[in-house]
Amino acid sequence: MKKILSVIFIWLSLLANSYAEEVVNTAPVVDVVSEAVKPAEEKLNNLAATTPTLPVEAKAAPVEVGKHVTANMDAMSMILSLLMVLVVIVISAVILKRFQGVRHSINGLKIVTSLHLGAKEKLVVVQAGKKQLLLGVTAQQISLIETLDEPLIAAKENSVDFAQSIAKLLKQKAIKKYDKQK
């Protein structure tokens with residue numbers, strides 16, 4: 001998961017960098033000297049208006065300040081949107097993993113219960129016919145720890161609505177936050 005997020009982050013960084021280079025290359029160059037000379041030029045024009053002179057060429061259109069701001073904002077909003085989608089995906093994965101209530105049953109084999117011990121380690125009780133086996137599961141292997149003499153009774157799965165589960169979780173977090181504030 002960390003590798004995938006790292007690749008996505010690097011890809012977004014490269015995308016933002018290439019878009020920034022494109023904006024910089026297409027941005028107009030502002031002539032600082034002509035901006036500084038404008039007040040003096042206006043005074044000369046006022047003076048020239050009072051004295052008769054020959055017709056003067058039409059002035060160039062004024063420089064539009066902030067013309068390319070929308071291009072930068074579009075890139076930023078795109079990046080933020082992509083990051084928000086990634087956050088939603090990660091949060092959804094965490095929630096689904098937390099509320100995973102699916103029990104697998106294939107050809108007489110059934111997972112009765114499981115206990116997560118770490119990121120990739122867990123204990124699993126498997127029903128095989130009339131026997132129950134306690135298995136240790138890691139990323140590399142599955143080991144038989146013990147055959148249970150007294151079978152565990154599988155708890156009935158509660159058909160709790162997902163919205164109720166989320167509401168309960170948020171309520172618990174709100175209570176913890178309120179207790180910390182006191």
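Ala 128 stands opposite Lys 131 in strand 4. That pair sits in a predicted model, and the hairpin around it is a good place to start reading.

**The turn between strands 3 and 4**

Two residues lie between strand 3 and strand 4 in their hairpin. One residue there, Gly 129, takes a positive phi near 70°. Strand 4 covers residues 131-137 and pairs with strand 3 in the antiparallel sense. The pairing runs over seven bridges. Further along, Val 126 faces Leu 133 of strand 4.

**The neighbouring hairpins**

Strand 3 also pairs with strand 2, again in the antiparallel sense. Strand 2 spans residues 109-116, and strand 3 spans residues 122-128. Seven bridges hold this pairing in the count. His 116 has Lys 122 of strand 3 as its bridge partner. Five residues make the hairpin connection from strand 2 to strand 3.

On the other side of the chain order comes strand 5, residues 142-148. Strand 4 pairs with strand 5 in the antiparallel sense over six bridges. Four residues join these two strands in a hairpin. Leu 134 stands opposite Glu 146 of strand 5. Leu 133 stands opposite Thr 147 of strand 5. Leu 133 therefore has a partner on each side: Val 126 and Thr 147.The three pairings compare as follows.

| Strands paired | Sense | Bridges | Citation |
|---|---|---|---|
| Strand 2 and strand 3 | antiparallel | seven bridges | |
| Strand 3 and strand 4 | antiparallel | seven bridges | |
| Strand 4 and strand 5 | antiparallel | six bridges | |

**Strand 4 and its glutamine**

Is strand 4 enclosed or in the open? Five of its seven residues are buried, so strand 4 is largely enclosed by the rest of the structure.

Gln 132 belongs to this strand. Its relative accessible area is 2%. The cut-off for buried is under 20%, so Gln 132 counts as buried. Its contacts, leaving out residues up to four places away in sequence, include Val 112, Val 125 and Val 126. Glu 146, Thr 147 and Leu 148 are also among the residues that Gln 132 touches. So are Pro 151 and Leu 152.

Which side chain makes a polar contact with the side chain of Gln 132? The partner is Gln 127, at 2.7 Å.

Gln 127 lies in strand 3. Gln 127 has a relative accessibility of 19% and counts as buried, because the limit is under 20%. Beyond Gln 132, Gln 127 touches Gly 108, Leu 109, Lys 110 and Val 112, with residues up to four places away in sequence left out. Val 112 thus appears in the contact lists of both glutamines: that of Gln 132 and that of Gln 127.

**An exposed leucine in the loop**

Leu 117 lies in the loop between strand 2 and strand 3. Is Leu 117 buried or exposed? Its relative accessible area is 54%, so Leu 117 is exposed, the threshold being over 50%. Leaving out residues up to four places away in sequence, Leu 117 touches Lys 122 and Leu 123. Lys 122 is also the bridge partner of His 116. The C-alpha atoms of Leu 117 and Gly 136 are separated by 9.9 Å. These two residues are 19 residues apart along the chain.

**Helix 4**

Helix 4 takes in residues 162-181, which is 20 residues. From its first C-alpha to its last, helix 4 reaches 29 Å. That is close to the 28 Å expected at 1.5 Å a residue. How many of the residues of helix 4 are buried? The number is two of 20, so helix 4 lies largely in the open. Strand 4 contrasts with this, with five of seven residues buried.

**The whole chain**

The chain holds four helices and five strands. Read from the N terminus, the order is α-α-α-β-β-β-β-β-α. The chain has 182 residues, and buried residues make up 9% of them. About 16,000 Å² of the chain is exposed. Carbon and sulfur atoms supply 64% of that area. Among contacts between residues at least 6 apart in sequence, 29% join residues at least 24 apart.

Definitions and conventions
Residues numbered from 1 in each chain as written. Predicted model: local features only at pLDDT ≥ 70, side-chain atom pairs only at ≥ 80, totals over all residues. Heavy atoms only, no water. Pairing = 2+ DSSP bridges. Buried < 20%, exposed > 50% of the residue type's maximum accessible area, 1.4 Å probe, protein only. Contact = heavy atoms within 4.5 Å. Areas by Shrake-Rupley, 256 points an atom, 1.4 Å probe, with all protein chains shown as cover. Polar contact = N/O pair within 3.5 Å; in protein donor to acceptor, adjacent residues only side chain to side chain. Expected span 1.5 Å × (residues − 1).
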